[in-house]
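Reader: I should be grateful for a close look at a single helix packing in this model, followed by its surroundings. Please treat the geometry formally and name the residues concerned.

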Amino acid sequence: MKSKRVKLVAFAVFLLILITSFGITPVREKVNSSTELLKYSIKEKVKGRAELFKYTFPHCPFVISPVTNNAPIANNNDAVLFIHDISPIYFNYLKEIDKTVRANHFEKFTYLFLITYHHGKYNLANYPKFVNYLKQMEKAGYHMEYHAYKHNGAEFCCTGKEAEYKLDASLAILKKCGFRNVNLFFPPHGIITKSAINVFLNHHIAVITKRILFVPTPKGLKAYPTDNQEYTWYIKEKQLPGKLKRAKLNYSMALKNGELFCLSVHPGAVNTTAGMKFLKEMLQFINNKKNNP
Ligand SMILES: [Zn+2]
């Protein structure tokens, strides 16, 4: 009888170790609307890739905060453009996007998200031509912000200590390149842990995901609703009318709901004929709405 009990206890301890080491303990925090939104955005992001999601990103606890209106970035401008994955390997694609943005006078409303040490191979500081180009863009009004260190999967779905290391290493590279004005961070895949968010907020860097913008304030963390979507992932000509229709509708909805409308694009993915047409038409559409509200 005694040995049976010992076996049972040993089995329970073994199970506990197993569960904790695989990170499947459901440490869900109290759910409110913003957590719901975050979960929603992640589900949407990995549609059709659920298996990969489970495998690559184990349990990731999320921050909780009330959602309020009046997003502080872009000073009352209701629409911004986000260019993701800024890395020297996409230099030519970026030049093409830059042309369209400038032609539509959208520089001041465009945010570039930089990767500092892409694939552990492309250290930004080793690409002075590319960095100079970015600096010219910054002078023209573009905002230089932060996206990733090596950009290995959802690399900020990690502990605070790891996030601190990646951010410090990245800020050192950015400083070396002359970028000292990082105010905003978009994590790879839009996924981040609560402890990693806190690291950024302690550095006074706001964090934006697909549906929420987290901002550090003297009174604590504030969260704002956003509509942050990408319509131009290698789209073809026949998809163009549908994509434009959806984006324009979402823009009107965001205006109505007091959300910040963020148009996300990736260099390469947007550089198809249809993708560039989409970008041009959306920027023109937004400009028209801004001038004739
Ligand atoms: Zn990315």
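**Packing of H8 and H9**

Author: The crossing of H8 and H9 is right-handed. This is a property of a predicted model, and the values below are computed from that model. Helix H8 spans residues 240-257, and helix H9 spans residues 273-291. Their axes lie 10 Å apart and enclose an angle of about 30 degrees. Because angles under 35 degrees count as roughly parallel, H8 and H9 are roughly parallel to each other.

On the H8 side, the contact is made by Leu 240, Lys 243, Leu 244, Ala 247, Lys 248 and Tyr 251. On the H9 side, the partners are Ala 274, Lys 277, Phe 278, Glu 281, Met 282, Phe 285 and Ile 286. By class, the residues of this contact comprise 9 nonpolar and 4 charged, with no polar residue.

The loop that precedes H8 also reaches this part of the protein. Thr 232 lies in that loop, between strand E9 (220-229) and H8. Thr 232 has 25 C-beta neighbours inside 10 Å; since 20 or more suffice for burial, Thr 232 counts as buried. Leaving aside neighbours within four places in sequence, the contacts of Thr 232 are Val 265, Ala 269, Val 270, Gly 275, Phe 278 and Leu 279. Among these, Phe 278 is also one of the H9 residues that meet H8. A further spatial relation links Thr 232 to Ser 264: the two are 32 residues apart in sequence, yet their C-alpha atoms are 8.4 Å apart.

A second helix pair offers a point of reference. Helix H6 (residues 160-177) and helix H7 (residues 194-202) pack at an angle of about 40 degrees, with their axes 8 Å apart. That angle makes H6 oblique to H7. The crossing of H6 and H7 is right-handed. H6 contributes Gly 160, Ala 163, Glu 164 and Leu 167, while H7 contributes Ser 195, Ala 196, Asn 198, Val 199 and Phe 200. The contact of H6 with H7 holds 5 nonpolar, 3 polar and 1 charged residues.

The loop between strand E6 (184-185) and H7 contains Phe 186. With 26 C-beta neighbours inside 10 Å, Phe 186 counts as buried. Outside four places in sequence, Phe 186 is in contact with Phe 82, His 84, Phe 113, His 147 and Ile 208. His 84 is 102 residues away from Phe 186 in sequence, but the C-alpha distance is 8.5 Å.

Phe 113 leads from there into the nonpolar core. Apart from residues up to four places away in sequence, Phe 113 touches Phe 82, Ile 83, His 84, Ile 86, Glu 145, Tyr 146, His 147 and Phe 186. The largest nonpolar core has 69 residues, of which Phe 82, Leu 112, Phe 113 and Leu 213 touch the most other members. Strand E1 (residues 79-86) gives the most to this core, with 6 residues.

As for the whole, the protein has 9 helices and 10 strands. Of its 293 residues, 37% are buried. Among contacts between residues at least 6 apart in sequence, 77% join residues at least 24 apart.

Technical notes:
Residues numbered from 1 in each chain as written. Predicted model: local features only at pLDDT ≥ 70, side-chain atom pairs only at ≥ 80, totals over all residues. Core = buried A, V, L, I, M, F, W, Y, C linked by C-beta atoms within 7 Å. Buried ≥ 20, exposed ≤ 12 C-beta atoms within 10 Å, placed from the backbone. Helix = DSSP H or I, 4+ residues; strand = E, 2+ residues; numbered from the N terminus. Contact = placed C-beta atoms within 7 Å. Axes fitted to C-alpha atoms, helices over the stretch in contact; angles between N-to-C directions. Parallel < 35°, antiparallel > 145°, perpendicular 65-115°, else oblique. Left-handed = near helix turned anticlockwise from the far one by under 90°. Nonpolar A, V, L, I, M, F, W, Y, C, P; charged D, E, K, R; others polar.
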